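Grab a pencil and open your viewer. Here are a few exercises to work through, each with a solution to check yourself against.

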Amino acid sequence: MCGIVAYIGHREAYPIILKGLKRLEYRGYDSAGVALVNNGLNVYKKKGRVAELEESVVGKDLHSNIGIGHTRWATHGEPSDRNAHPHVSANGKLAMIHNGIIENYAQLKKDLQNKGYQFKSDTDTEVLLNFIEDIQRNNQCTLEEALRIALKRVTGAYVIVLIDAEHPDTLIAARKGSPLVIGVGKGEHFLASDASPIIEYTKEVVYVNDYELAILRGDELILKNLGNEKLTPYIQKLDLELAAIEKGGYDHFMLKEIFEQPDTIFDCLRGRLDATAGTITMSGVQNYLEQLVNAPRIIIIACGTSWHAGLVAEYVIEELCRIPVEVEYASEFRYRNPIVRKGDVIIAISQSGETADTIVAIEKAKEQGAIIFGILNVVGSSIARISHAGAYTHAGPEIGVASTKAFTAQLVVLTMVALKIAHAKKSISEELYSTLLKELHEVPGKAATILKDTDAIKKIAEKYKDAANALYLGRGYNFPIALEGALKLKEISYIHAEGYPAAEMKHGPIALVDASLSVYFVATKDTYYEKVVSNIQEIKARKGKVIAVISEGDETIGPMADDVMIIPEAHEIVAPMLSVIPLQLLSYYTGVARGLDVDKPRNLAKSVTVE
Ligand code: G6P
């Protein structure tokens, strides 16, 4: 939620910030702005995309070697020019960008208004900024001191970056609960919500932790805690290439990321799975194998698409490991009084590793003694740092707001974790273990087969693009895939879609079925196949349109369905890694056919760092 970029050094700041904002647009895109210093502050802000900001500043004074920029996902105050960041303090000297929410802003605002402060926006950010200004004025102290005092009195989550028009040689930043990376260059520093705006300038980065302050000059980086003690910055080398965050000839990131799946799944398996030797090497699991094998219960915590991966894992882990699994929405878990018992293992799944609800849910479980195992895509992310152990999905940067390749990689990692536990626990036969290793090994090739010719899926998307509603049905391992298919369609095409267990459909959704309803079945050859065929009959009997994802060689469903999407046959435990791909493509092509911006669907953001 919200992307921030800042620069200080010997180059022109504006082009670096603008390019960085375009890379961070996935985090929010309802308004954007920059603040630069050239004999005073120059602040430019615009409702809409970064490209609109870019157009609006043509001919303006953009010269500056220091600057801050922001792309917004609105929380307090509608998207508008005046609510866009950066905000400027009442005395006109300070400019600030913010990612997060200041929860006690209303009280602070009232206090400031009583002192005569007037506000130009509806944001919590402007309140915090004037609060800092007020402290500075009253205490006659430096900006850094005022910031430290202010942050001890605010509740909520933030990354903030400040510039002072009278001190254009310094950037000050602070973090609690939202991500912040510093790029360390030669005589220059970069700040951003993730490394993507930084990689083309430097590969040396410092990840700022919660309750830390960074004071940056061209050639100096000072890191402190809120107690004003200096900390030693831990400089890490970025393992990211520029090509990974560019579209590479595809029309959209979403399409690129769907097509990358044969490679990303392969990368996820690489160095871990050896089907011939019959081994899975995962040090994160190995180090906690005893606790995992003996876990009385596994609780999976996640949000969104990652939660769907957790649901698939529930079926897989219970089947293979015979350990009870509960799958929780992080946002619900954190506010309940959840029962976490000694020895329980929490598997936290998150592409970004920054989702606010997931972070707090983990912290809550950790306080109660649970072991936290993170399944994450972004290396060095907040959740990676608070987990005891884990496994990365190695899917590479995912930029399209709708998660695709991260989801299939999550399924692969979760299945490997389950297999490793099951093998150690001897809860599955050697024969099934080797079969599944071989099946996993074949997934990248089978995913490539699906992607070889996507014309049929595109035609189906065009045929049903004007439907007002869609129902997605599946059973067993494919039930969560029905949920994921529905989520993809609604977020990308804005068609109302619901996912349901196919049998449960009779308890309500069947009332919706008529000739205008598109009903998508995930109906691959598995234990539930015959039952799903009956459910298809029930829909057909009521004249619903049936579109089914089926296994190659299936001759039963084809004649019954209006349209089919065919995937290679696979063991039911790995089938979800494949059956989701046609549904991802279907939503992509539907969104495109409806003329929508599939990479940046309205109201959504990729990284949800507010609760
Ligand atoms: C947002 C994204 C989804 C994602 C969810 C959870 O809603 O748009 O694609 O599944 O957050 O994010 P995480 O990074 O924790 O997997």
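The exercises below go from the ligand site to helix packing and then to the backbone; keep in mind that this is a predicted model.

**Exercise 1.** Work out how many residues surround the ligand and which are the closest.

Solution. Start by selecting residues with a heavy atom within 4 Å of the ligand. That gives you 13 residues, the closest being Ser306, Ser350, Gln351, Ser352 and Thr355. Next, sort the shell by character: four residues are nonpolar, eight are polar and one is charged. Finally, ask where they come from: helix H10 (residues 304–321) supplies the largest share, three residues.

**Exercise 2.** Find which polar atoms of serine 350, serine 352 and valine 401 lie across from ligand oxygens, then say what share of the ligand the protein buries.

Solution. Take the side chains to begin with. Serine 350 has a side-chain N or O atom 2.6 Å from an oxygen atom of the ligand. For serine 352, a polar side-chain atom sits 2.6 Å from a ligand oxygen. Now turn to the backbone: a polar backbone atom of valine 401 is 3.3 Å from an oxygen atom of the ligand. As for burial, the ligand taken alone exposes 390 Å², and the protein buries 91% of that.

**Exercise 3.** Classify two helix pairs, H17 with H20 and H4 with H5: is each roughly parallel or oblique, and what is the hand of each crossing?

Solution. Fit the axes of H17 (residues 479–493) and H20 (residues 575–593): they come within 9 Å and cross at roughly 15°. Angles under 35 degrees count as roughly parallel, so H17 and H20 are roughly parallel to each other. The hand comes last, and H17 passes H20 in a right-handed crossing.

Repeat the steps for H4 (residues 124–139) and H5 (residues 143–153). Their axes come within 8 Å and cross at roughly 120°. H4 and H5 are therefore oblique to each other. The crossing of this pair, H4 and H5, is right-handed.

**Exercise 4.** Look at the backbone around proline 86 and tyrosine 211: which loop holds each residue?

Solution. Go to proline 86, in the loop between strand E4 (66–72) and strand E5 (87–88). Check omega there: it is about 0°, and a cis peptide bond joins histidine 85 and proline 86. Then move to tyrosine 211, in the loop between strand E11 (204–207) and strand E12 (212–217). Its phi is near 60°, a positive value in a residue other than glycine.

Terms used: Residues numbered from 1 in each chain as written. Predicted model: local features only at pLDDT ≥ 70, side-chain atom pairs only at ≥ 80, totals over all residues. Heavy atoms only, no water. Polar contact = N/O pair within 3.5 Å; in protein donor to acceptor, adjacent residues only side chain to side chain. Areas by Shrake-Rupley, 256 points an atom, 1.4 Å probe, with all protein chains shown as cover. Helix = DSSP H or I, 4+ residues; strand = E, 2+ residues; numbered from the N terminus. Nonpolar A, V, L, I, M, F, W, Y, C, P; charged D, E, K, R; others polar. Axes fitted to C-alpha atoms, helices over the stretch in contact; angles between N-to-C directions. Parallel < 35°, antiparallel > 145°, perpendicular 65-115°, else oblique. Left-handed = near helix turned anticlockwise from the far one by under 90°.
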